[in-house]
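Thanks for coming. I will go through one structure this morning, so please have the sequence and the model open.

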Amino acid sequence: MSTAIVTHKDCILHDTGMNHPESKERLIAINKTLKEFKSKKIEWFEGEKIEPKYFFTVHSKNYFKDIKNKSPKKDLFRIDADTILSKYSLEAALKATGSVCKAVDIIFEGKFKNAFCPIRPPGHHAEPERAMGFCFFNNVAVAANYAKLNYKVKKCAVIDFDVHHGNGTQKMFWNNSDMFYASTHQEGIFPGTGFKEETGINNNIVNVPLPAGTDSLLFKKSYEDIIFPKLEKFSPDIIFVSAGFDAHISDPLADFKLIKDDFYWITKKLNDFATKNCKGKLISCLEGGYNIKALSESCLEHVKGLIL
Ligand SMILES: [Zn+2]
């Protein structure tokens with residue numbers, strides 16, 4: 001066995017209302033495509049609800065209470081124009097984060113080298129005390145701290161190839177030189193952060209903003225010339241991936257020109273790096289991707305890149 005897929009059925013209960021790009025249909029399509037793939041090298045697991053204490057490694061207690069208080073008993077509560085709470089959103093968010101932490105447990109049990117967590121709501125825009133950009137809890141940052149607290153992990157790296165900058169993850173890692181965050185993203189779009197001058201306390205943050213129209217060649221060059229050399233220097237014990245697929249040419253929210261094969265390429269490169277440097281340990285979690293066909297096809301390429 002090489003790859004665990006960890007998700008929770010309640011992730012589809014998070015309701016964002018009519019015509020919202022971050023819909024349950026995303027996850028339904030991904031799960032269908034991955035189940036039809038029928039590889040003997042993958043095994044499915046259901047995540048567990050995370051204990052709130054793990055949130056407090058990156059989010060404040062007041063923030064958690066605030067989300068709980070704002071959760072509506074019926075209808076929707078708009079935190080902002082994009083970020084919407086429904087009756088079951090908190091439950092879905094707790095199980096989304098819990099799924100990534102369960103993936104950490106599975107990886108450290110040793111039967112699987114890596115994992116992909118198709119979950120929602122996504123997490124990389126969630127800041128310590130602010131929900132934004134469809135995100136409530138920073139799944140990847142909580143899971144990195146969970147790995148540090150429960151296993152012998154000192155240094156964690158998060159690689160974020162979502163087309164948007166992961167402002168939340170960057171903020172949570174900024175002052176912690178045991179954490180590394182690297183992102184390629186489209187410059188000048190939401191959330192407006194991720195300039196190359198933003199480098200963290202110890203050059204532990206690496207931002208590669210790229211122009212609209214970025215294609216496979218420029219995307220690959222950014223990883224080969226900038227991100228991988230810095231990742232190698234950081235020398236992580238484990239790699240987390242913020243896997244957004246909205247850099248695809250068909251995505252409605254951004255203007256990159258990647259194709260599904262590029263998601264195989266970056267995943268295989270990260271997997272090879274993890275095999276060589278981190279005993280294979282790599283955990284990927286879903287962030288964006290809003291053209292449902294492109295998203296599910298790209299996720300399949302991503303999983304193919306994880307299989308050893
Ligand atoms: Zn995105």
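Start in the loop between helix H2 (61–70) and strand S3 (77–78), where you will find Asp 75. This is a predicted model, and in it the phi of Asp 75 is near 60°. That is a positive value in a residue other than glycine. Why point it out? Because most residues other than glycine have a negative phi.

Next, the peptide bonds. Most peptide bonds are trans. Which ones are cis here? One is the bond from Arg 120 to Pro 121, with omega near 0°. Pro 121 sits in the loop between strand S5 (114–117) and H4. Another cis peptide bond joins Phe 190 and Pro 191, again with omega about 0°. To find Pro 191, look in the loop between strand S7 (179–186) and strand S8 (205–210).

Now the metal. Which residues supply the protein donors of the zinc ion? They are Asp 162, His 164 and Asp 246. Asp 162 is listed twice, each time with an OD atom, while His 164 gives ND1 and Asp 246 gives an OD atom. These donors lie 2.0 to 2.7 Å from the zinc ion. In sequence, the spacing of the donor residues reads D-x1-H-x81-D. The long gap in that pattern links distant parts of the chain: His 164 and Asp 246 are 82 residues apart. His 164 belongs to the loop between strand S6 (156–160) and helix H5 (167–173). Asp 246 belongs to the loop between strand S9 (238–243) and helix H7 (260–277). As for geometry, the angles among the four donor atoms run from 52 to 153°, and the site is irregular.

The rest is helix packing. Take helix H3 (residues 89–109) and helix H4 (residues 139–150). Their axes come within 9 Å and cross at roughly 40°. H3 and H4 are therefore oblique to each other, and the crossing is right-handed. On the H3 side, the contact includes Ala 93, Ala 96 and Val 100. On the H4 side, Val 142, Ala 143 and Tyr 146 are among the residues involved. Sorted by class, this contact has nine nonpolar, two polar and one charged residues.

Then helix H6 (residues 216–234) and H7. Here the axes come within 11 Å and cross at roughly 15°, so H6 and H7 are roughly parallel to each other. This crossing is right-handed. Phe 219, Tyr 223, Phe 228 and Leu 231 are among the H6 residues in the contact. From H7, they include Trp 265, Ile 266, Leu 270 and Phe 273. The contact of H6 with H7 divides into eight nonpolar, one polar and six charged residues.

H7 also packs against helix H8 (residues 292–306), at an angle of about 25° and with the axes 8 Å apart. That makes H7 roughly parallel to H8. H7 passes H8 in a right-handed crossing. Lys 260, Phe 263 and Tyr 264 are among the H7 residues here, and H8 brings residues including Glu 297, Glu 301 and His 302. How many residues of each class are in the contact of H7 with H8? There are three nonpolar, five polar and five charged.

To close, go back to the zinc ion and find its donors Asp 162, His 164 and Asp 246 on your own screen. After that, trace H7 and pick out its contacts with H6 and with H8. That is all I have.

Methods
Residues numbered from 1 in each chain as written. Predicted model: local features only at pLDDT ≥ 70, side-chain atom pairs only at ≥ 80, totals over all residues. Heavy atoms only, no water. Axes fitted to C-alpha atoms, helices over the stretch in contact; angles between N-to-C directions. Helix = DSSP H or I, 4+ residues; strand = E, 2+ residues; numbered from the N terminus. Parallel < 35°, antiparallel > 145°, perpendicular 65-115°, else oblique. Left-handed = near helix turned anticlockwise from the far one by under 90°. Contact = heavy atoms within 4.5 Å. Nonpolar A, V, L, I, M, F, W, Y, C, P; charged D, E, K, R; others polar. Donors = N, O, S within 2.8 Å, 3.2 Å for Na, K, Ca; no water. Tetrahedral: all angles 85-135°; square planar, octahedral: opposite > 155°, others 65-115°.
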